Amino acid sequence: MDKAQTVAPAQAGAAPLDAPQHPQADPGPRRGDAISDEPAVTLDAFLDSQTNATAVRLEAGDDARALLPYLDRIALVEVSFPSFRDGRGYSAARVLREAGYTGELRAQGDVLVDQMPLMKRCGFDSFAPQAEIDPATLEAALTRYENVYQRAADGRVPVWALRHG
């Protein structure tokens, strides 16, 4: 993609994280391929009968580890956030990325702009928030902190490792 895409509300579809609007403030690697627009099937439907689907939706109580044998054929995992206070989706994202999942990982639902940098660190690379998010506010949130303090799914080097090798 040639230009940055903004995050749109869920009704308009998801938008991937792409090249930053301000190249000098690049927050790290971002998704550069096209987003998936295939309807996602529930985890139960995928495991029971629709194993040919390439998009799966994880609800808050679903165990992401059930997808591990199928990661090579799934293009999109959509993780539901029914409430901004529900953090189970962060764990699902981390489990999938650490298991080697390279497809699109979308946070959908009650996703707030201040959560997106942490979601990105856990492995999310596209978002479908319920409410509109201002692109400038998103860019500011994603580029606010230059360094991180611990290892995560995004592969950024923690500040302590930069200091001490």
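How many aromatic pairs does a search of the whole structure find? The search returns three. The model is predicted, and confidence along the protein chain frames what follows.

The protein chain has an average pLDDT of 79. A score of at least 70 is reached by 77% of the residues. Confidence peaks in strand 4 (residues 76-81), at a mean of 95. It is lowest in strand 1 (residues 15-16), where the mean is 49. Two stretches also score poorly. Residues 1-13 have a pLDDT below 50. In the model, this stretch nevertheless has 36 contacts beyond near neighbours in sequence. For residues 18-31, pLDDT stays under 50. Here the model has 38 contacts beyond four places in sequence.

The search for aromatic pairs covered the whole structure and found three. One of them joins Phe46 and Tyr70. Their ring centres lie 5.2 Å apart, and the planes meet at 90 degrees. The geometry is edge-to-face. This pair links distant parts of the chain, 24 residues apart. Phe46 belongs to helix 1 (residues 43-48). Tyr70 sits in the loop between strand 3 (55-58) and strand 4. Phe46 has a relative accessible area of 0% and is therefore buried.

Phe81 and Tyr90 provide another pair. Their centres are 5.7 Å apart and their planes stand at 80 degrees, so this pair is edge-to-face. Both Phe81 and Tyr90 are buried. Together with Phe124, these two residues form one aromatic cluster.

Notes. Residues are numbered from 1 along each chain as its sequence is written. This is a predicted model: local features need pLDDT of at least 70, side-chain atom pairs count only at pLDDT 80 or more; totals for chains, interfaces and linings use all residues. Side-chain values use heavy atoms; hydrogens and water are left out. pLDDT is the predictor's confidence in each residue, from 0 to 100. Helices (H or I, at least four residues) and strands (E, at least two) are DSSP runs, numbered from the N terminus. Contact means heavy atoms within 4.5 Å. Rings of Phe, Tyr and Trp (its six-membered ring) pair if their centres lie within 6.5 Å; planes under 30 degrees apart count as stacked, over 60 as edge-to-face and the rest as tilted. Buried means under 20% relative accessible area, exposed over 50%, partly exposed in between (1.4 Å probe, protein chains only).
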